[in-house]
Amino acid sequence: MRPNFMRDVFRDPWFMAGLGLAILFAVVAALGPTLSPYDPRDMRFAPISPPSSEHLLGVNDGGQDIFSELLYAVKNTVAFGLWTASLGLLAGVIIGVSAGWIGGWVDLVLMRIADVLLAVPSIMVLIFTAALFRPPPLLLATILAALSWPTTSKGIRAQTLSLKQALHLRAVSRMGAGNFYIIRRHLIPEMFPLYLVGFAAKARMAMFMEASLAFLGLFDPGRKSLGMMISYALKYYYMDIWWNWLMPPILCLSMLIGSVTFLAISLEKALDPRLRESIGGQGA
């Protein structure tokens, strides 16, 4: 990690904007059920009612409070993204650092598996699985994580190969330290900034995938999602519902993806001097 890494990212407006939005949505996701005025599955209200003091964003075609739906939808979309990003990053780091450090047949087998998975279109696998088997969202997120680790593992492997020649690692190895000890105590901690970039990229991809699957109607209709809300609202586009029913989920999804995109851009800029210079960021 560069000595001024933390100082640079906290001075970057992209990072601060992304961090602010991420904190906002983390609070909404954590407190959503508590803040929700109604059960989002409660259908006892007058369908397609305009916003009022009782229903801040009105009522949808099923007689459900739209504001309550939105709070639960943000929670579900964020949870899907965080679960996928966490599992995908964990697998990518372990496999990448193991392949790079151990080398030999371990490297060969793991990287060939990664090459095969890179050629598999994740969205098609998810659509096929969701349409045929209707698995719970957590299982779909796990499948997506299992398909997304190769991109991280390739980058971690390359960095591990670079670190392999470092004097302190060669010294530790010659003193008899085992592979597991070196990987756990030296290699994994030294590449921490790369994990932040990988996590942000995977979370962004997973939230977009979740919204896409929900938009296509491949999740349980009782599970609230930003994509599902957009899909249902579009059926009534000819009515005056765009600002209270259609726009809130679109804005939330855009800001969610924007927050992790801002964080990824800032972290990549701080970690890669060439990128920082090319976009006129912090300067050399």
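Hi everyone, let me start with one residue: Asp107, which sits in helix H4. Please keep in mind throughout that this is a predicted model. Is Asp107 buried or exposed? With a relative accessibility of 14%, Asp107 counts as buried, because the cut-off for buried is under 20%. If we leave aside its neighbours within four places in sequence, Asp107 is in contact with Ala99 and Arg157.

Let's widen the view to the helix around Asp107. H4 covers residues 104–118, so to speak a run of 15 residues. From first C-alpha to last, H4 reaches 21 Å, close to the 21 Å expected at 1.5 Å a residue. Asp107 has company on the inside: the buried residues of H4 are Val106, Asp107, Met111, Ala114 and Leu117. These buried residues cover an arc of only 115° around the axis, which puts them on the same side of H4. There is a general point behind that kind of pattern: an α-helix has 3.6 residues a turn, so residues three or four places apart point the same way.

What do the buried residues of H4 pack against? They pack against helix H3, residues 66–102, and helix H6, residues 137–163. On the face turned away from the buried side, H4 carries the exposed residues Trp105, Leu108 and Val116.

Now let me step back to the whole chain. There are 12 helices and 0 strands. The C-alpha atoms fill a box of roughly 75 × 45 × 30 Å, taken along the principal axes. Of the 284 residues in the chain, 45% are buried. As for contacts, if you take those between residues at least 6 apart in sequence, 68% join residues at least 24 apart.

That brings me to the cores. The largest nonpolar core has 40 residues, and those with the most contacts inside it are Val74, Phe80, Leu140 and Leu226. Which helices supply at least two residues each to this core? They are H2 (13–35), H3, H5 (122–133), H6, H9 (192–215), H10 (226–234) and H11. H3 gives the most, with 8 residues. To see one of those well-connected residues at work in the model, pick Val74: leaving aside neighbours within four places in sequence, Val74 is in contact with Phe25, Val28, Leu226 and Cys252. There is also a second, separate core of 14 residues, which includes Leu89, Ala166, Val172 and Leu187. As a general reminder, nonpolar side chains in soluble globular proteins tend to be buried together.

On to H10, where we find Met228. Met228 counts as buried, because its relative accessibility is 6%. Leaving aside neighbours within four places in sequence, Met228 is in contact with Glu69, Ala214, Phe215, Pro221 and Arg223. Met228 and Pro249 are 21 residues apart in sequence, with their C-alpha atoms 9.1 Å apart in space.

Pro249 lies beside a residue worth pausing on. Where is the kink in H11 centred? The kink is of about 30° and is centred on Pro248. H11 runs over residues 242–271, and at 1.5 Å a residue its 30 residues should span 44 Å; the end C-alpha atoms are 41 Å apart, which agrees.

Last topic: aromatics. The count comes to 7 aromatic pairs. In one of them, the rings of Trp14 and Phe262 have centres 5.1 Å apart and planes at 65°, so the pair is edge-to-face. This pair links distant parts of the chain, with Trp14 in H2 and Phe262 in H11, 248 residues apart. Trp14 is partly exposed at 39% relative accessibility, and Phe262 is partly exposed too, with a relative accessible area of 24%.

Phe192 and Tyr195 also form an edge-to-face pair, 6.2 Å centre to centre and with 85° between the planes. Why are these two separated by about one helical turn? Because they are 3 residues apart in helix H9. Phe192 counts as partly exposed at 43% relative accessibility, whereas Tyr195 is buried, with a relative accessible area of 10%.

That's my tour; thanks for listening, and I'm happy to go back to any of these residues.

Definitions and conventions
Residues numbered from 1 in each chain as written. Predicted model: local features only at pLDDT ≥ 70, side-chain atom pairs only at ≥ 80, totals over all residues. Heavy atoms only, no water. Helix = DSSP H or I, 4+ residues; strand = E, 2+ residues; numbered from the N terminus. Expected span 1.5 Å × (residues − 1). Buried < 20%, exposed > 50% of the residue type's maximum accessible area, 1.4 Å probe, protein only. Arc of directions from axis to C-beta. Contact = heavy atoms within 4.5 Å. Bend = angle between axes of the 7 residues up to and from the residue. Core = buried A, V, L, I, M, F, W, Y, C linked by side-chain atoms within 4.5 Å. Phe/Tyr/Trp six-rings, centres within 6.5 Å; stacked < 30°, edge-to-face > 60°.
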